[in-house]
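These are my notebook entries on a set of look-ups, written down in the order in which I made them.

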Number of protein chains: 6
Amino acid sequence: MRPSGRAADELREVKITRHYTKHAEGSVLVEFGDTKVLCTASLERNVPRWLKGTGQGWITAEYGMLPRATGERNQREASRGKQGGRTLEIQRLIGRSLRAAVDLKQLGDNSITIDCDVIQADGGTRTASITGATVALVDCLRHMQRNKIIRNDPLVQLIASVSVGIYNGNPVLDLDYAEDSNAETDMNVVMTEKGGFIEIQGTAEAAPFDKEEMDAMLELARKGVNDLLDLQRKALEQP
Amino acid sequence: MRPSGRAADELREVKITRHYTKHAEGSVLVEFGDTKVLCTASLERNVPRWLKGTGQGWITAEYGMLPRATGERNQREASRGKQGGRTLEIQRLIGRSLRAAVDLKQLGDNSITIDCDVIQADGGTRTASITGATVALVDCLRHMQRNKIIRNDPLVQLIASVSVGIYNGNPVLDLDYAEDSNAETDMNVVMTEKGGFIEIQGTAEAAPFDKEEMDAMLELARKGVNDLLDLQRKALEQP
Amino acid sequence: MRPSGRAADELREVKITRHYTKHAEGSVLVEFGDTKVLCTASLERNVPRWLKGTGQGWITAEYGMLPRATGERNQREASRGKQGGRTLEIQRLIGRSLRAAVDLKQLGDNSITIDCDVIQADGGTRTASITGATVALVDCLRHMQRNKIIRNDPLVQLIASVSVGIYNGNPVLDLDYAEDSNAETDMNVVMTEKGGFIEIQGTAEAAPFDKEEMDAMLELARKGVNDLLDLQRKALEQP
Amino acid sequence: MRPSGRAADELREVKITRHYTKHAEGSVLVEFGDTKVLCTASLERNVPRWLKGTGQGWITAEYGMLPRATGERNQREASRGKQGGRTLEIQRLIGRSLRAAVDLKQLGDNSITIDCDVIQADGGTRTASITGATVALVDCLRHMQRNKIIRNDPLVQLIASVSVGIYNGNPVLDLDYAEDSNAETDMNVVMTEKGGFIEIQGTAEAAPFDKEEMDAMLELARKGVNDLLDLQRKALEQP
Amino acid sequence: MRPSGRAADELREVKITRHYTKHAEGSVLVEFGDTKVLCTASLERNVPRWLKGTGQGWITAEYGMLPRATGERNQREASRGKQGGRTLEIQRLIGRSLRAAVDLKQLGDNSITIDCDVIQADGGTRTASITGATVALVDCLRHMQRNKIIRNDPLVQLIASVSVGIYNGNPVLDLDYAEDSNAETDMNVVMTEKGGFIEIQGTAEAAPFDKEEMDAMLELARKGVNDLLDLQRKALEQP
Amino acid sequence: MRPSGRAADELREVKITRHYTKHAEGSVLVEFGDTKVLCTASLERNVPRWLKGTGQGWITAEYGMLPRATGERNQREASRGKQGGRTLEIQRLIGRSLRAAVDLKQLGDNSITIDCDVIQADGGTRTASITGATVALVDCLRHMQRNKIIRNDPLVQLIASVSVGIYNGNPVLDLDYAEDSNAETDMNVVMTEKGGFIEIQGTAEAAPFDKEEMDAMLELARKGVNDLLDLQRKALEQP
């Protein structure tokens, strides 16, 4: 039995709200239950120095958590003077994942910065971030096409991400904080529309996991990602 | 004529939403038109070192802006490795103002940290922050009384804040970004329920201002603050 | 009765010593009683990136306090690795004020950096800094004219600054440390020769202040600034 | 055909040299071909603040690369003023992995810091680090038992780590730099003596990978880890 | 012929002004010609952690240069966020030298921080700093005796410092900036009243120097230090 | 009697191993007894901004110590966020010394960065670094000539460095840690093949030293440096 009463293969209620703020080229509030992340995509009309002259664009991500997004207040990274290891690890993951969704050569001399800021945290902030940021990214790409900044759609495929884990000995989908902090194993999976894997990061928290558990978790992830992709597509059909 | 079509003494539409996030002891989304700030109050059961043993509590504030809260994306302060001068100036102002609303000796050995994070910026983020943070602070004080952490209500008075300025030669209330970036003078005023001044910060942006303009601006501020105090009181009457 | 025995509208003894050090284009030691600040103006023959090509110059200020300028030694900001919020707040105020004294378009592709370093502190370091820095700035502008770097005098008006406050219930001019640390209200005022306001920053330290007190303080400030402007003009008449 | 001429399931020549430096409680030079990492384990007779009074010990890791360990010189992180995201990500991985090898409750009020410093890099520095650090950790635990700092052996199991990937469409074991920089997929696997997984981090560099490729890679990893565990055991049998 | 017209063994005009600022326990303005350094000694009634319980005190030094102490403005170290290598090297030298002048065991549980801040630079700032700081230190020790903080005088001996060098092939004493920036060799010497060496730091700037030149420089240093010690003693005889 | 049993004028066993790592243009492991430093020389095909257009090259050095190179683990400077004063002092010394060995005008628009990383410390790390780095530098210069990057050999002279000191009242050569931490005086000397001095840095640790002791130490240093120069030349004769 899960603390939330959900079935083992059941996502939390997921909401994807586009145009959440007015300035960004893409702005999405994504909610996985009580986890709420604001994902914005910001267009910049140049590229990092090491890409100048190559005709290739770039996508990068930054991640942050409001100090009181969590049960206990965390010190503000800006006042502490540096981003923590967890933050850097997560924003590297988000950036790598989103770059895999896009043909960077079609971006031209343009960069897109994805900001994922956690308004409220209840487990799964990195998977919610990737799922929401993908939608913000698509809005930004559409903006670029509408404004003739690029001619073709650089999107190769939608991607989505979900966590899976072993909780009380059972594989479960989309862990909330109550499960996450007690899980034996925690795994974040990023997948494409065609079922390919972009990222798998599995960690044994309390006990090593075996191949059978691994396979069960990946099967759950596949189901969860498919549900999320449906929600992304539905959100993107709105004007 | 103001860009927004408002009368000279007219506030933008102001909304105060309490309990906006679930973890903080006080959590308020305050909106001054398109300016949206999330204000949380976090209780900590101890005091800074220099207050230990005095029986007096403390209130401090931190301010941040999401990178794409503005028309152009700003570099994330956490990745830049330090808070800018504007940020520090604003959070010092917020902290001083809120401490003036409370009898710190009634707080006991407790600290409250106010976080004001700007989700979307359209001028007046510091005055919206102070106005919203006051409500979050009251919710935190009520939480402390409900949980017997303190016996008496330490609130001395509500405070609220609004900007005034000289725009196209005329004194106006509650400048939005279109006005703020072209005003001759910009003044932020923090006032109490009894009409006392807590803070006045006036800056001549384009031309010096005279005593007459000053008086006109302060009169507008008084009206605006009274309206804001009404909205705070109404919000606090809700459960 | 003031601790120093001064009348309510009486400045401390103010001295302005030009050419205090030999390298800077303008170098002034300003003394407001025991408060001593070395203000230098340094010319640089280029402008910040965002002004390149506009033909407009720039003025910026930095503020520092020697570690033992005060009764208790403060940690050196250079060894602490960052400037504190108070320092940043003050240097932003000095920079804004001095830019209001000058027509930046007449400066050409040149920048002037004002350094205000407090040798000894006894209250009012920011107002002394602005008052002394104005004289150092004029010396730098004269240097630029003498050396044909600019053709016209970019000075629009002299500015000066003084603090006022409510001490023991009475409005007083030019607070020293003994008053400043016990004042009910502290206000810093920057004014022009023509009586216009450049900056007003008033803070209720112990109790809110009302409009009447505000007016009384501004009247004192006007008198004090006029006296300071006289002293600046006298100093600038020397060779 | 692999650039090195190795078979798909063939490790590079691996050497584990214990007692490589004289001061540390455990000091191992580990070589995976041309990748050379010095792993030291340093005992400290106390624990982080959040563990005080729990009777539980702690293991943490730090990772660094000498500036010219690589083909192009990298800026020294100490002079740049911060550790990069890649460094933080790797040292968090090493720390988590090693903590999974030990019963921290048996460590008492003691901490062990693992330093993994890359002398020469040719791909696979993080997997070599984990494999070598495990041996340094065992030497440190033996030192603690010999000196009666702990009574029982806290080692639960040896762990080892190896990279696998898809190179030119084929799953290969233990990628060197030539392969790593051109692989379609790169996966780092940490496993126990009993065949359990501690960490799996797989990244699609050029193209998504499917379940079949995943299974093939994990099978290669299992073989590689078994070989590495043999080498660890042999090294630890020496005096 | 030296640029200043001085004889090879002639110091610049040296002035030592005690009680230069009012807050510090020792405060000395030292002038070596146009080089002017404010040296303050600040007493703190405790010791660094690693000396707690030993009954031994500590002396440490910090060095800074005002941004426009030099011909070209230098970036403020506080705003750059760190002290440069030259600054750290100099303050380590000052600290070591002053500790050699005092019997730290006689200091009790007290620390003295020496701040040497260069108001105007014209070569020899580190030797002027040591010479002036010694006098400020003595004033601080006298303050401690007067206030019964210590019973005995911890001063073992006065120390003083001067630079010597090879300029145009000739050994010269007390180099000013014009010489220093063109010298073949630059050497800073710290000596005691009894003629012992505390520090010798010689650097070949343009050409290696030989033993004969070394001996000639040390002979000049001995003469210069003796003159400086006389000036220190005369200054300390004043009330 | 020295702790190591060496004669007063006897070096520790010194080994110079070239081509120690494979990527750098020069890579030398230097051992002075148990002190082991890896010195690499990295060529970069450009110069610092202030040398652009002058046709002159540059040599700079960085120094680091692995955290557990010493008996007690030191905090990693990269994680502490800055290099300490000792580190900066040493790398400035190494850089100055090596620049004195080379005619920078012959280097063309090229820079060489010397990294000295201490693998194991037992006293004398800075003198071992300079001695080893000189050999790495020569290998880098040879590489540049072989690859026609420069036409002539810019090496003016070999340099080497050794420490001398007063231990138990007697002058001794090449202090190891046991001596260094108890020496009355510690002096580091850098000399050329022709017997000229490049750097002398002598510090009285426990008692001032006199001219006679100074002369005796310099005589020992001359002998030690000659032995080191022989070892450098022998190492450089190998292919």
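I began with A:Arg86 and asked which residues it contacts beyond those within four places in sequence, taking contact as heavy atoms within 4.5 Å. The list I obtained is A:Tyr63, A:Met65, A:Thr125, A:Arg126 and, from another chain, D:Arg92. Before going on I noted that this is a predicted model, in which local features need pLDDT of at least 70 and side-chain atom pairs count only at pLDDT 80 or more, while totals for chains, interfaces and linings use all residues. I also noted that residues are numbered from 1 along each chain as its sequence is written, that chains are lettered from A and ligands numbered from 1 in the order in which they are written, and that side-chain values use heavy atoms, with hydrogens and water left out.

**Entry: the annotated site in chain A**

I placed A:Arg86 in helix α2 (residues 85–99) of chain A; helices (H or I, at least four residues) and strands (E, at least two) are DSSP runs, numbered from the N terminus. Its side chain and that of A:Tyr63 are joined by a polar contact of 3.3 Å, the term standing for a pair of N or O atoms within 3.5 Å, where within protein one must be able to donate a hydrogen and the other to accept it, and residues adjacent in sequence count only if both atoms are side-chain atoms. Is A:Arg86 buried or exposed? With a relative accessibility of 32%, A:Arg86 counts as partly exposed, given that buried means under 20% relative accessible area, exposed over 50%, and partly exposed in between (1.4 Å probe, protein chains only).

I then consulted the UniProt record, an unreviewed entry, which lists A:Arg86, A:Gly124, A:Thr125 and A:Arg126 under "binding site". UniProt positions are given in the numbering used here, feature names are shortened, and annotations may be inferred rather than shown by experiment. These residues span 41 residues in sequence, yet no two of their C-alpha atoms are more than 13.3 Å apart, so they gather at one spot.

I found A:Gly124 in the loop between β5 (111–120) and α3 (125–146) of chain A, where A:Gly124 is buried at a relative accessible area of 15%. Not counting residues up to four places away in sequence, A:Gly124 touches A:Arg12, A:Thr35 and A:Leu175.

**Entry: the sheet shared by chains A and D**

I traced an open sheet of eight strands, ordered β7(A)-β6(A)-β8(A)-β9(A)-β9(D)-β8(D)-β6(D)-β7(D), with antiparallel pairing; two strands pair if DSSP finds at least two bridges between them. Which strands stand at the edges? They are β7 (170–173) of chain A and β7 (170–173) of chain D, each with a single partner strand, so one side of each is left without a neighbour in the sheet. The twist from one strand to the next averages 15°.

In chain D, I counted four bridges between strand β6 (residues 159–167) and β7(D), paired in the antiparallel sense, and D:Tyr167 has D:Asn170 in β7(D) as its bridge partner. Helix α3 (residues 125–146) of chain D packs on the sheet, touching β6, β8 (185–192) and β9 of chain D, and its direction makes about 165° with that of β6(D); axes are lines fitted to C-alpha atoms, for helices over the stretch in contact, and angles run from 0 to 180 degrees between N-to-C directions.

**Entry: how the chains are related**

I superposed chain A on chain B by a rotation of 180° with 0.0 Å of shift along its axis (RMSD 0.0 Å), copies being superposed by least squares on the C-alpha atoms of residues with pLDDT of at least 70 in both. That is the relation of a two-fold axis, and in chain A the C-alpha nearest the axis is that of A:Ala78, 1.9 Å from it. Of the interface residues of chain A, 100% are also interface residues in chain B, so the copies meet through the same surface.

For chain A and chain E, I found no contact, and their closest C-alpha atoms lie 11 Å apart.

**Entry: a covered strand in chain E**

Strand β5 (residues 111–120) of chain E is mostly covered, with 10 of its 10 residues buried. Strand β3 (residues 35–44) of chain E pairs with β5(E) in the antiparallel sense over nine bridges, whereas strand β4 (residues 58–65) of chain E runs parallel to β5(E) and is joined to it by eight bridges.
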